[in-house]
Amino acid sequence: MSTTLLLASILATVALLVRYVRSRRASKYPPGPPGKPFVGNILDVSPQGAWVKFTSYKDIYGDIVYFHGLGNSVLVLNSLEVIADLLEKKASSYSDRPTFTVVGELMNLFQGMPLLPYGPEWRTQRKLAHSALSPSSVKKYHIIQEDLAAMLCREILDDPKDFFSAVRLAAERLVLIITYGLSADTADSQYISHADETMHMITKYTVPGAFLCDLLPWMKYLPSWLPFQREAARGREMIERLVATPFEHVQRDMAAGIARPSLTLDLLSSANSDPNTLHHIKWMSGALYGAGGETTYSTVLTCILAMVMYPDQLRKAQEELDRVTGTDRLPTISDRGNLPYVTALIKEVMRWRPVLPLGLARATAADDTYRGYTIPKGTIVIPNVWAIAFEPRGLYSPEIFEPERWLVSSKEDMPVDPADWTFGFARRICPGKHLAENSLFIFISTLLAMFDFAPPDTGHVKVEFEQGMVSYPKPFECKITPRSESKAMQIRERASQSTV
Ligand code: HEM
């Protein structure tokens, strides 16, 4: 490191130390684990799998737990009550996102809606997304979702061992078709493997403290040959390619007059050629593509894992499906109201292993006081969804997988519906919620109507989850067999007639 850089680092460190000591003297912060000089307790915020630790801190420190050090502060929210008080009632201060120096600034991801600061650019992208994903707009995707559910089952019929790939294809094809109008074949050949790799990287790095540079932002000026800088350059190229390639595909097809209907086509057709508008359409479409696939993929896989482990619940869902749809047709999205057990089972999957156990972090836009404590501007705010999922509430223990908890007659005996917390909160609530709920329903109900799921011959089912922002099941083996020849024929017929 050059002498100038060394000097700059020392000065920055001293400045942080002085700020830290002054601020600790003047204010009363929320409770949290004991800290060490200078680094405080910030290193307790481990980037991987922190939700279980944060939940255990709830018993010691309560609903709000505070971490600080190295010029950073992090506030963990451990109950729906504090989430409502801060993220909803004080939404104008609590709707920003953290900077994420590496993934946001150096890799450029902050240009898309999920990481955009709360302000006019975010509002523009959010409006564009709403036009495509409102409850009434998503009805036009029902047929595509039902076709993709049949194609998912056909892939599994053809190669039951590779169900992970089949689920991933279905989830990503859906967002590619809706967002860019790309046919399933084009999507598979050109985009999906790159999207896999890029999203894997993004979910690993979009957690507070993934890089030391996220805690010490001045490090972003360090030389480009350092390993984290090289990783940032690689990530920047991957993200640009993820966002630009399908967008340019639509522009080319539009110019040739052969573009298929899609959200990007609709927006481009009614947009002017102002580069700023095109920039927003490009990044908003890219955000839907990135955010939509991973979450659906992970939830469907979690359901398959639960079905392997809980055969009684699988059987009850299948009995209900057989009763309602009979043996001569596949489920459709309009069946949902007649399938209360299947609906309860999907809610339970979302509660049992929440796909984003720490939601998506927020940041405070101004200094705040809450319950007499100081919460400084720029504090990273983490809604600990895991603590909500596992709060003992209602008739059944939170530890067990039990769809019945959602079927009790009185609301007081029931926990809070995951639809009210797995998709986030208030102004930044997931804009893909309605689309996602339909996808989960049709993918899961078609899978359960079609297949039996059982442990592999070894009898051992591996139950392990990734520890990044999105918590997917790690690869596990199971036996998947069709329940009847007539259903298998229906699947093949529907999948072969599909135009997606
Ligand atoms: C099981 C499925 C899904 C789950 C559990 C989920 C969950 C979430 C959560 C927790 C957030 C953060 C909200 C907050 O900060 O309070 C979020 C944001 C977001 N989601 Fe989803 N999501 C799902 C599916 C989708 C789909 C299908 C799409 C798009 C097609 C999508 C697009 C987005 C976008 C663009 C944001 C950023 C919103 C913003 O920052 O304003 N999500 N999602």
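Q: Hi! Let's start with Cys-213: is that residue buried or exposed?
A: Cys-213 is buried, since its relative accessible area is 1%. Keep in mind as we go that this is a predicted model.

Q: Good to know. How many disulfides turn up in the whole structure?
A: Searching the whole structure gives 0 disulfides.

Q: And what is the nearest cysteine sulfur to Cys-478?
A: That would be the sulfur of Cys-303, which is 11 Å away, and Cys-478 is in no disulfide. A disulfide needs two cysteine sulfur atoms within 2.5 Å.

Q: Is Cys-478 buried or exposed?
A: Cys-478 counts as buried, because its relative accessibility is 12% and the cut-off for buried is under 20%.

Q: New topic, the ligand. Which residues are closest to the ligand?
A: The closest are Arg-97, Trp-122, Arg-126, Arg-362 and Cys-430, out of 26 residues that surround the ligand.

Q: What does Arg-97 do there, in terms of distances to an oxygen atom of the ligand?
A: A polar atom in the side chain of Arg-97 sits 2.8 Å from a ligand oxygen atom. Trp-122 also has a polar side-chain atom 2.8 Å from an oxygen atom of the ligand. For Arg-126, an N or O atom of the side chain is 2.9 Å from an oxygen atom of the ligand.

Q: Which helices supply at least two residues of that shell?
A: Three of them do: helix H6 (120–133), helix H13 (275–309) and helix H17 (433–450). H13 gives the largest share of the shell, with 5 residues.

Q: And by class, what is the shell around the ligand made of?
A: There are 16 nonpolar, 6 polar and 4 charged residues in the shell around the ligand.

Q: Let's move to helix packing. At what angle do H14 and H15 pack?
A: Helix H14 (residues 311–325) packs against helix H15 (residues 340–352) at about 145 degrees, and their axes are 8 Å apart.

Q: Which residues make the contact?
A: From H14 you have Gln-313, Lys-316, Ala-317, Glu-320 and Leu-321, and from H15 the partners are Pro-340, Tyr-341, Val-342 and Leu-345. By class, this contact of H14 with H15 has 6 nonpolar, 1 polar and 2 charged residues.

Q: I was looking at Asp-322 too. Where does Asp-322 lie?
A: Asp-322 lies in helix H14. Asp-322 is partly exposed, because its relative accessible area is 28%, while buried means under 20% and exposed over 50%.

Q: How many residues apart in sequence are Asp-322 and Ala-449?
A: They are 127 residues apart in sequence, yet their C-alpha atoms are 7.2 Å apart in space.

Q: Now Thr-379. Where does Thr-379 lie?
A: Thr-379 is in the loop between strand E5 (373–375) and strand E6 (380–383). With 0% relative accessibility, Thr-379 counts as buried.

Q: What is Thr-379 in contact with, leaving aside neighbours within four places in sequence?
A: The list is Tyr-66, Ser-73, Val-74, Leu-75, Arg-362, Ala-363 and Thr-364. Arg-362 came up earlier as one of the closest residues to the ligand. Within its own loop region, a polar side-chain atom of Thr-379 lies 2.6 Å from the backbone oxygen of Pro-376.

Q: One last stop: where is the place of Ser-498?
A: Ser-498 is in the segment after helix H18 (485–497), and Ser-498 is buried with a relative accessible area of 16%.

Q: Which residues does Ser-498 touch, not counting those up to four places away in sequence?
A: Ser-498 touches Asp-147 and Met-151. The side chains of Ser-498 and Asp-147 are joined by a polar contact of 3.3 Å.

Key
Residues numbered from 1 in each chain as written. Predicted model: local features only at pLDDT ≥ 70, side-chain atom pairs only at ≥ 80, totals over all residues. Heavy atoms only, no water. Near = heavy atom within 4 Å. Polar contact = N/O pair within 3.5 Å; in protein donor to acceptor, adjacent residues only side chain to side chain. Helix = DSSP H or I, 4+ residues; strand = E, 2+ residues; numbered from the N terminus. Nonpolar A, V, L, I, M, F, W, Y, C, P; charged D, E, K, R; others polar. Axes fitted to C-alpha atoms, helices over the stretch in contact; angles between N-to-C directions. Contact = heavy atoms within 4.5 Å. Buried < 20%, exposed > 50% of the residue type's maximum accessible area, 1.4 Å probe, protein only.
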